[in-house]
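Welcome! Here are some short exercises to help you find your way around, each followed by a worked solution. Try each one yourself before reading on.

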Amino acid sequence: MSTLPIAIPRPVHPTGLWNWLTTIDHKKIGVLYGVTAFIMFISGGIEATLMRIQLSQPELDIVSAAVFNQLFTMHGTTMIFLAIMPLGAAFFNFVIPLQIGARDVAFPRLNAFSYWVFLAGALMLKLSWIGGATDAGWFGYAPLTSIDQNPGKGIDFWIISLQVLGIASLAASFNFIVTIINMRAPGMTMMRLPLFTWMTFITAILLILAFPVITVALIELTFDRYFGFNFFNVSRGGSVVLWQHLFWVFGHPEVYILILPGMGIVSEVLPVFSRKPLFGYTTVVLAGIIIAVMGWMVWSHHMFTVGLGPLANAVFTITTMLIAVPTGIKVFNWIGTIWGGSIKITTPMAFSLGFIAMFLIGGISGVMHAVSASDAQQQDTYFIPAHLHYVLFGGAIMALTSGIYYWFPKFSGKMFNEKMGMLHFWLMMIGQNVTFFPMHFVGMDGMPRRIYTYTEGMGWDLWNLVSTLGVFILIAGFVVFILNMVKSWKSGPEAPGDPWDGRTLEWSIPSPPPEYNFKEIPVVRSLDDWWNTKQGGNFKEIPVAGGSGDEEHSIHLPQPSYWPFVTALGLFIAAYGVVFNQLFVPWAIAIIGTFIGFVGVYAWSLEPVNDPDEESTH
Amino acid sequence: MSQEINPSEAHTGHPTAGMYFKIAMILSVVTAIEVGIFYLTWLSYWIIPILFVLSAGKFTLVAMYYMHLKFDHKLFSLLFVGGFVLATSVIFALIFLFQVWL
Amino acid sequence: MAQEHTTTENHGEHEATSTGLNHRKMLMWAFLGSDCMFFGSLIATYLVYQGKSLSGPLPIDVFDIPVTSVSTFVLLMSSMSMVLAYSALNRGNMKAFRIWMVSTAIMGSTFIGFQVYEFSSFSTNHIHFECSEIAEKIHDGENIKAGQDYFYQKECLDQNGLLKADHHVDEEYGLKPQTNLFGTTFFTLTGFHGAHVTLGVIWLLSIFFLSFKKGVITREKNLDVDLAALYWHFVDVVWIVIFTVVYLFGVFEGF
């Protein structure tokens, strides 16, 4: 019974490209996010490598100043929005329904839509290299981004692709909030949620509250550029500081969005490989919530040198120092988890331990920035990239890498090569420190950020060279990583459902999981329910992988759909139409794209959630 | 959950059409008062808290009754009020940072 | 052997949820919380720039509180008709449902009509007065609008500060987004509100037209209407804030 004027059947494509274009299976979508994020990470890494080569010695001319500006802008934007966030999304997608005992997310089609829109935004941003990419820094301060100072389309691509990416992130976050609140297996109370799911939940809430602010900031900038509005037009009384405020009101919660999922991963890996429950589960959850709340109160620490005045600076100094406390609590809880445990150093465990060490160093430099007086010296020097790479690379990326290795058997059904994994770890650890630790030194010695070269005799030569050498160690590690992943996925040994003797529900099902995830939705009796089941504490039969398959007949799964892809396509076209709004007929492309988007939305809303005539897909 | 039967709410806990109409009348009257007060220039800066309270009252009535928050699960209120409180806080913080005295 | 046999059948609205609450309704409330931050940022921008325009027109030059009060009233009433539409649907009265739905859409469109009128009258705003009349008003201590004051100083006084009594002022004094900070922030804030209303009207009309197709909009599927209603009330509630903060605070002469 279709409510559409013409009956469009649901897609039925068991394999191939159309299967991937119409899939709404959270596991497939997770893989799509992961692979795309990977490729984007490589592109961001290339951008970084080019910069480091340029800076390896004084007064090199490998890239021009103009290109260098584009490199650091694109590197930052890529790593944050196209690598770390989608890598997190890959895990949210794949792992969370498994951890809460669900068959999919609350809105499977919205989930697919989020991915395709993310891809659209990613393509738009990366393709902007053609013709000149954005070059005003990843935070795009006004008036550098004004139409007078930056008439090229690079900024416009940056603005519009960020808006598109924002839509993807928002859609995904709404989905995960409803999923985590509303699709937990019976008995899984909020305080029995695995830590990764908890941190993701907090992240998603942060996201839906923070992104609208940058949406508004970008809209204001767009209107200034395209229509001559005065938001950041100083000659008409506008304030460029307003941009900074709006950006960082978003930007600071954004960095917690970047780190909290990683902290969730670490909070799961450590207990598994210490064979001990997480020390102080409730405290760690509360600390995460406190970080998220306090994250709204610190944003002007990015603006200490703008001239806000001593009162504002003092207030934000205090709040920023205070926010170190809940993070510190987490670190102590992680240590408490390992302490006295039966520790097994596997690759995921190594990365999680490395995360603690690296994040700690990044946190210490962070507290140094927190004091506005000392930040006056550090701001806009290399001391800041030192800090941010310790928390984002040594922190978020390491934690996410830990997650990749941890869940690799689950999503691929294969075991990776442990020796290669540990080699990757050591190369990354050494490379990370060789690359980023010297940045503390040159920063303290006054080397500014975002300069494309420097003269000799400043005392910066040695450490810049060392930093660049570190990059190649990191690249070596990354190559080992890719080889390991590809080889193992293709021909690694088969992985059992529970290779690590895990604690949470995803380990209670086969690797890779069947399409329906759980043959029977589990009933949860405690925190770390799967672990307790294995210990015999829950008086439950341990489900056997495989089985008769009889129960499958009563499992109805959400069905694939064309419309998420169509709607995303419309948005993609509209986005290009906004940037190229004078092409052919003014605004024609944007209108066409919007129309396609509307068609997609209408068809999507009129398509029943599940076609009642259809039997289960098995 | 209160056991008493509020005559303005049917057995299902939904306000009746009569109640909705009454609320609409209250909203209209409050709006009229707001506009009326607006012409009393002698009130000077007192107009700010007065209008604030009146508008907050209208907002609350629409949210609690028309949007049904009074009768629904508290989670919905949390989701909405959370965003609202944060938005208000950001507004006030920016006002102070830009030294716009209300 | 105690075996819990729990299968989840995913039949859209009827699946069991952990809280007993419907997914889509929860989504809508989360979205509205998020949209508060969207409008909050626009309102913050407006308030931060209030009083900082380097030139006119200013709110007092263009706002017409009586007219805007009427459009405010219309939008408020549209919330009532929306809620009555939902009520009618729940009683199975499809005819009343359709009438109230289309009334809501009409009132929403009326509001948009007022906005369009307001925007265009602001942008073609004109200032016209006789210097001698204004001079009297100033002498009598009457409040005159900001723009009049500016043009009086500019046009009605000669270099010695004496009144050019037979002079009059007849100037284009339009407010466009590009004119000053007030124009920029006002049009953006109210424009985005208007865009939200417009999307709402499209949504409501879609439901209205779909209701003629059998089985699409029913009492059992009242959630579809409930979601549209929540969105609509939100848009109304945002206007309550804008009307007070932008219009009433903006032109109060007691300050």
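**Exercise 1. Find which helix of chain C gives the most to the negative surface patch, and say where Glu142(C) sits.**

Solution. Keep in mind throughout that this is a predicted model.

Step 1: Helix H5 of chain C, residues 131-140, gives the most to the negative patch, with three residues.

Step 2: List the members of the patch: they are Glu130(C), Glu133(C), Glu136(C), Asp140(C) and Glu142(C).

Step 3: Look at Glu142(C), which sits in the loop between H5 and helix H6 (146-156) of chain C. Its relative accessible area is 45%, so Glu142(C) is partly exposed.

**Exercise 2. Work out which side chains of strand S1 in chain C are buried, and how many bridges join S1(C) to strand S2.**

Solution.

Step 1: Walk along S1, residues 126-130 of chain C, and watch the side chains alternate. Ile127(C) and Phe129(C) point to one face and are buried. His126(C), His128(C) and Glu130(C) point to the other face and are not buried.

Step 2: Turn to the neighbouring strand in the pairing. S2 of chain C covers residues 168-172, runs antiparallel to S1(C) and is joined to it by five bridges.

Step 3: Pick out one pair as a check: His128(C) has Asp170(C) in S2(C) as its bridge partner.

**Exercise 3. Describe the elements of chain B and say what share of its residues is buried.**

Solution.

Step 1: Count the elements: chain B has three helices and zero strands.

Step 2: Read them in order from the N terminus, which gives α-α-α.

Step 3: Of the 102 residues in chain B, 46% are buried.

**Exercise 4. Compare three salt bridges: for each, decide whether the partners are buried or partly exposed.**

Solution. First, the general idea: side chains of opposite charge can pair when their charged atoms come close. Over all chains, the count of salt bridges comes to 15.

Step 1: Start with Arg225(A) and Asp156(A), whose side chains meet in a salt bridge with an N to O distance of 2.8 Å. The pair links distant parts of the chain, 69 residues apart: Arg225(A) is in helix H6 (residues 195-227) and Asp156(A) in helix H5 (residues 153-182) of chain A. The cut-off for buried is under 20% relative accessible area. Arg225(A) has 5%, so it is buried, and Asp156(A) counts as buried at 4%.

Step 2: Go on to Lys534(A) and Asp501(A), which form a salt bridge of 2.7 Å, N to O. Lys534(A) lies in helix H15 (residues 529-534) of chain A and Asp501(A) in the loop between helix H14 (461-491) and H15, so the pair ties together parts that are 33 residues apart in sequence. Lys534(A) counts as partly exposed at 23% relative accessibility, and Asp501(A) is partly exposed with 25%. These two residues also belong to a network of salt bridges that includes Arg275(A) and Asp498(A).

Step 3: Finish with Lys25(C) and Asp226(C), where the closest N and O atoms of the salt bridge are 2.9 Å apart. Lys25(C) lies in helix H1 (residues 23-49) and Asp226(C) in helix H8 (residues 223-251) of chain C, so this pair ties together parts that are 201 residues apart in sequence. Lys25(C) is buried at 12% relative accessibility, and Asp226(C) is buried at 10%.

**Exercise 5. Locate the nonpolar surface patch of chain A and place Val293(A) in it.**

Solution.

Step 1: The patch is made of Leu286(A), Ile289(A), Ile290(A), Val293(A) and Met297(A), with about 400 Å² of accessible area together.

Step 2: Val293(A) is in helix H8 of chain A, residues 281-294. With 46% relative accessibility, Val293(A) counts as partly exposed.

**Exercise 6. Find where the cis peptide bonds before Pro512(A) and Pro57(C) occur, and where Asp380(A) with its positive phi lies.**

Solution.

Step 1: In chain A, a cis peptide bond joins Ser511(A) and Pro512(A), with omega about -10°. Pro512(A) lies in the loop between H14 and H15.

Step 2: In chain C, Gly56(C) and Pro57(C) are joined by a cis peptide bond with omega about -5°. Pro57(C) lies in the loop between H1 and helix H2 (59-62).

Step 3: Asp380(A), a residue other than glycine, has a positive phi near 65°. Asp380(A) lies in the loop between helix H11 (372-378) and helix H12 (383-412) of chain A, and it counts as partly exposed at 33% relative accessibility.

Note on methods:
Residues numbered from 1 in each chain as written. Chains lettered and ligands numbered in written order. Predicted model: local features only at pLDDT ≥ 70, side-chain atom pairs only at ≥ 80, totals over all residues. Heavy atoms only, no water. Patch = residues over 30% accessible without salt bridge, like charges linked within 9 Å, V, L, I, M, F, W, Y side chains within 5 Å. Areas by Shrake-Rupley, 256 points an atom, 1.4 Å probe, with all protein chains shown as cover. Salt bridge = Lys/Arg side-chain N within 4 Å of Asp/Glu carboxyl O. Lys, Arg positive; Asp, Glu negative; His and termini not counted. Charge placed at Lys NZ, Arg CZ, Asp CG, Glu CD. Helix = DSSP H or I, 4+ residues; strand = E, 2+ residues; numbered from the N terminus. Buried < 20%, exposed > 50% of the residue type's maximum accessible area, 1.4 Å probe, protein only. Pairing = 2+ DSSP bridges.
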